[in-house]
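I opened this one to look up a few local details for my notes. The entries are in the order I went through them.

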Amino acid sequence: MPDTTFEEKSHRRRSLRENPTRRREIAQMIANAINATVTNEYISGMQEPVITTSIRNKLEEMSQRGDLNVEGYSLAVFGCETVAMGKLSQERTTGIDLYFGVEIFDDGYISKGLLIQAKKANALGGSRLIAQCERMTRLNREAYVWVYEPDGVRIVSASSILGRRDTSVTKLKREDMVDHIDAILECSKGSPSLALPSGPNKRAALSAMMNQLHAEAALELVIANGSTLVI
């Protein structure tokens with residue numbers, strides 16, 4: 001019999017992890033939306049909680065219109081946040097402004113999450129940020145600071161801030177949002193222990209996770225290949 005191994009492999013659909021072009025396209029689209037939103041809100045003088053809410057709203061709106069879908073993949077975004085009265089006390093407990101979860105239905109199933117502290121660039125520094133990063137990393141090492149800047153978002157690992165006396169943004173290694181999202185989709189970032197429990201009611205699960213982590217807000221990105229229905 002002829003050996004069809006090579007033919008089968010060559011026609012096998014690559015997973016998102018194995019497809020850097022498609023992965024980068026998704027990362028670029030999400031990053032562009034986040035960066036544009038942050039720029040608009042930053043210029044308007046908004047503070048971190050408002051900017052984070054605007055990011056969530058923007059991605060959910062794009063998801064509902066189908067604007068986040070790309071060839072071969074459909075994307076859905078779900079979000080929730082604490083009521084206004086509870087925001088300050090929630091974040092002070094764990095240092096978490098945002099729980100960011102990702103589910104990928106592809107050749108297999110991947111679910112994981114990250115912990116995010118949001119800071120405007122002009123507020124990045126001091127003992128308070130160090131304490132917030134310490135609290136986040138005690139829960140999980142997959143913790144990051146999203147730095148809101150006039151031209152978008154830069155990302156700093158919370159672990160890189162620990163033990164520092166000077167956390168000036170100019171002295172810390174920063175990552176752009178495209179690379180950050182791409183690494184999450186490629187699975188080099190994000191912790192399975194922070195995965196959102198599976199089930200049909202994403203918002204209820206997000207709310208439970210948000211309260212469990214004492215986070216201010218929660219955002220879940222669900223990506224499915226073309227043959228899979230996104231819940």
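Below are my entries on confidence, strands, rings, a helix and some backbone angles.

**Confidence first.** I'm working from a predicted model, so I checked the scores before anything else. The mean pLDDT of the protein chain is 86, and 86% of its residues reach 70 or more. I looked at the start of the chain too: over residues 1-12 the pLDDT is below 50. Beyond near neighbours in sequence, that stretch has 1 contact in the model. I'm leaving residues 1-12 out of the rest of these notes.

**Strands S1 and S7.** I picked S1, residues 73-81, and asked how many of its residues are buried. I got 7 of 9, so I'd call S1 mostly covered, buried being under 20% relative accessible area. Next I looked up its link to S7, residues 217-225. The two strands run antiparallel, with 9 bridges joining them. For one concrete pairing, I followed Cys80 across and landed on Ala218 in S7.

**Past the end of S7.** Gly226 sits in the segment after S7. Its relative accessibility is 65%, which counts as exposed. I also checked Gly226 against Asn69: they are 157 residues apart in sequence, but 9.7 Å apart in space, C-alpha to C-alpha.

**Aromatic pairs.** How many aromatic pairs are there? I count 2. In one of them, the ring centres of Phe100 and Trp146 are 5.9 Å apart. Their planes meet at 65 degrees, and over 60 counts as edge-to-face, so that's what I wrote down for this pair. Phe100 belongs to strand S2 (residues 98-105) and Trp146 to strand S4 (residues 143-149), so the pair ties together parts 46 residues apart in sequence. Are these two rings' residues buried or exposed? Phe100 is buried at 3% relative accessibility, and Trp146 is buried at 1%.

The other entry is Phe105 with Tyr109, 4.9 Å centre to centre. Here the planes are 45 degrees apart, and I noted the pair as tilted. Phe105 is partly exposed at 23%, and Tyr109 is partly exposed at 41%.

**A lysine over a ring.** I also looked for a charge over an aromatic face. Lys120 lies over the face of Tyr42, 4.5 Å from the ring centre.

**Helix H3.** H3 covers residues 48-65, 18 residues in all. From its first C-alpha to its last I get 26 Å, close to the 26 Å expected at 1.5 Å a residue. Then I went through its buried residues, which include Ile51, Ile55, Leu59 and Met62. Why might a spacing of three or four places be worth a look? An α-helix has 3.6 residues a turn, so residues three or four places apart point the same way. The buried list isn't just greasy side chains, though: Glu48, Arg56 and Glu60 are among them. Just after H3, Gly66 takes a positive phi of about 80 degrees.

**Positive phi without glycine.** Which residue that is not a glycine has a phi of about 80 degrees? It's Cys187, in the loop between helix H7 (177-186) and helix H8 (202-213). Cys187 is partly exposed, at 25% relative accessibility. His214 went on the page as well, with a positive phi near 55 degrees. His214 is in the loop between H8 and S7, and at 31% relative accessibility it counts as partly exposed.

Methods: Residues are numbered from 1 along each chain as its sequence is written. Side-chain values use heavy atoms; hydrogens and water are left out. pLDDT is the predictor's confidence in each residue, from 0 to 100. Contact means heavy atoms within 4.5 Å. Buried means under 20% relative accessible area, exposed over 50%, partly exposed in between (1.4 Å probe, protein chains only). Helices (H or I, at least four residues) and strands (E, at least two) are DSSP runs, numbered from the N terminus. Two strands pair if DSSP finds at least two bridges between them. Rings of Phe, Tyr and Trp (its six-membered ring) pair if their centres lie within 6.5 Å; planes under 30 degrees apart count as stacked, over 60 as edge-to-face and the rest as tilted. A charge sits over a ring if NZ of Lys or CZ of Arg is within 6 Å of the ring centre and within 35 degrees of the ring normal. The expected span of a helix is 1.5 Å times one less than its number of residues.
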